[in-house]
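I opened a fresh page for this one. Below are my entries, in the order in which I looked things up.

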Amino acid sequence: MGRWTAPHRERRRRGEAHPVRDFLFTYYSHRPAKLEQWDPGPGVRLLGDASGFLDRPGYRIDGDAVVFDPDRAPDRLRATAGFLHGLLTATASRAPRLGCFGLHEWAMVYRTDAPRHGSVPLRLGAAGTDAVVEELDVHCTHYDAFRFFTEAARPHNALEPTRERQTELEQPGCLHATMDLYKWAYKLAPACPSELVGDCFALAHDVRELDMRASPYDLAAHGYAPVPIETPAGRAEYVRAQAGFAGRAAPLRARLIDLCELLLRP
């Protein structure tokens with residue numbers, strides 16, 4: 001994990017912000033030190049001096065070893081697993097929708113003088129950015145993206161996602177639903193193997209790059225070429241990448257579902 005956490009810490013030490021790479025540490029609540037903490041997950045016997053794990057919920061002594069016992073998972077972890085099992089199985093049951101073109105980031109700066117990344121210029125300027133939102137159909141299904149739309153942008157969305165409709169609307173083509181697999185993995189700690197948390201983080205890291213490259217921001221100064229979704233070629237590039245990420249996310253989502261079922265067994 002150090003290849004991600006160490007540069008983030010160094011940027012913080014220097015007082016620098018990065019509009020792409022800092023997101024997974026600032027938007028999500030899992031701190032770098034927690035990301036670096038190792039948990040083996042169920043089915044692994046820790047030999048030797050593993051007594052430190054006994055301070056974590058769900059661990060117990062089993063003969064000459066320390067193990068994570070799903071039957072000893074705290075109630076809050078079982079409640080989380082219950083919610084996630086419903087959300088993730090519903091998401092997995094749907095075909096990916098690949099026509100949103102990342103317009104959620106454009107809708108977040110539509111007709112506003114205070115864009116979220118105010119230190120980064122807009123590629124097309126304010127008027128050009130607004131025109132893209134008005135010319136293309138906005139089909140955002142993810143509440144935690146939609147809630148950051150400007151008031152003026154909300155009527156342009158074909159749907160009105162709410163927290164209550166999250167399980168109804170979540171679909172596997174959504175970049176933010178894919179990034180959220182990282183959140184769901186660490187929410188299941190210490191039951192979730194750190195390997196799975198890391199795999200979800202790595203996928204979220206790559207997804208975030210596409211998310212911002214397809215955004216209205218000019219990230220050339222940070223070394224990122226745009227995916228110009230205002231053009232047919234850019235939209236085609238976005239859909240190809242979006243489909244690839246949906247494919248990468250599917251087995252990770254399945255592993256999280258299996259873990260939820262283990263935690264929920266009678």
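**Entry 1: elements.** I took helices (H or I, at least four residues) and strands (E, at least two) as DSSP runs, numbered from the N terminus. Read from the N terminus on, the elements then go α-α-α-β-β-α-α-α-α-α-α-α-α. That gives eleven helices and two strands in the protein. I then looked up the overall size, with the radius of gyration taken over C-alpha atoms and a globule rule of 2.2 Å times the number of residues to the power 0.38. The radius of gyration is 20 Å and the rule gives 18 Å for 266 residues, which is close, so the protein is as compact as a globular protein of that length. Along the principal axes, I found that the C-alpha trace spans about 70 × 45 × 30 Å.

**Entry 2: ground rules.** A note to myself before going further: this is a predicted model, where local features need pLDDT of at least 70 and side-chain atom pairs count only at pLDDT 80 or more, while totals for chains, interfaces and linings use all residues. Residues are numbered from 1 along each chain as its sequence is written, and side-chain values use heavy atoms, with hydrogens and water left out.

**Entry 3: surface and interior.** My accessible areas come from the Shrake-Rupley method with a 1.4 Å probe, and for residues only the protein chains shown count as cover. The accessible surface of the protein comes to about 12,200 Å², and 52% of this belongs to carbon and sulfur atoms. I call a residue buried under 20% relative accessible area, exposed over 50%, and partly exposed in between (1.4 Å probe, protein chains only). Of the 266 residues, 48% are buried.

For contacts, I asked for heavy atoms within 4.5 Å. Among contacts in the protein with a separation of 6 or more, 69% are between residues 24 or more positions apart.

I also tallied charge, with Lys and Arg as positive and Asp and Glu as negative, leaving out His and the chain ends. Each charge was placed at NZ of Lys, CZ of Arg, CG of Asp or CD of Glu. There are 34 positive and 35 negative side chains, and the centres of the two sets lie 2 Å apart.

**Entry 4: Thr91 and the loop after it.** I started in helix α4 (residues 75-92), where Thr91 sits. Is Thr91 buried or exposed? Its relative accessible area is 2%, so Thr91 is buried. Beyond residues up to four places away in sequence, Thr91 touches Glu170, Gln171, Pro172 and Arg253.

Next I moved to Ala95, in the loop between α4 and α5 (103-107). Ala95 counts as exposed, at 58% relative accessibility. Setting aside neighbours within four places in sequence, Ala95 is in contact with Gln171 and Pro172. I also noted its C-alpha distance to Val109: the two are 14 residues apart in sequence and 29 Å apart in space.

Pro96 belongs to the loop between α4 and α5 and, at 42% relative accessibility, counts as partly exposed. Its contacts, without neighbours within four places in sequence, are Gln171, Pro172, Gly173 and Ala246. Pro96 and Gln242 are 146 residues apart along the chain, with 9.1 Å between their C-alpha atoms.

**Entry 5: backbone oddities.** Most residues other than glycine have a negative phi, and most peptide bonds are trans. I listed some exceptions here.

- Phe101, not a glycine, has a positive phi of about 60 degrees; it lies in the loop between α4 and α5 and counts as buried at 18% relative accessibility.
- Arg111 has a positive phi near 50 degrees; it lies in the loop between α5 and α6 (125-135) and is exposed, with a relative accessible area of 57%.
- The peptide bond from Ala189 to Pro190 is cis, with omega near 5 degrees; Pro190 is in the loop between α9 (175-187) and α10.

**Entry 6: Glu230.** My last stop was the loop between α10 (194-213) and α11 (232-264), which holds Glu230. Glu230 has a relative accessible area of 26%, so I marked this residue as partly exposed. What does Glu230 touch, not counting residues up to four places away in sequence? I found Trp106, Arg123, Leu124, Val132 and Arg235.

With Arg123 there is also a polar contact (a pair of N or O atoms within 3.5 Å; within protein, one must be able to donate a hydrogen and the other to accept it, and residues adjacent in sequence count only if both atoms are side-chain atoms). This one joins the side chains of Glu230 and Arg123 at 2.9 Å. Finally, I noted that the C-alpha atoms of Glu230 and Glu135 are separated by 9.1 Å, with their positions 95 residues apart along the chain.
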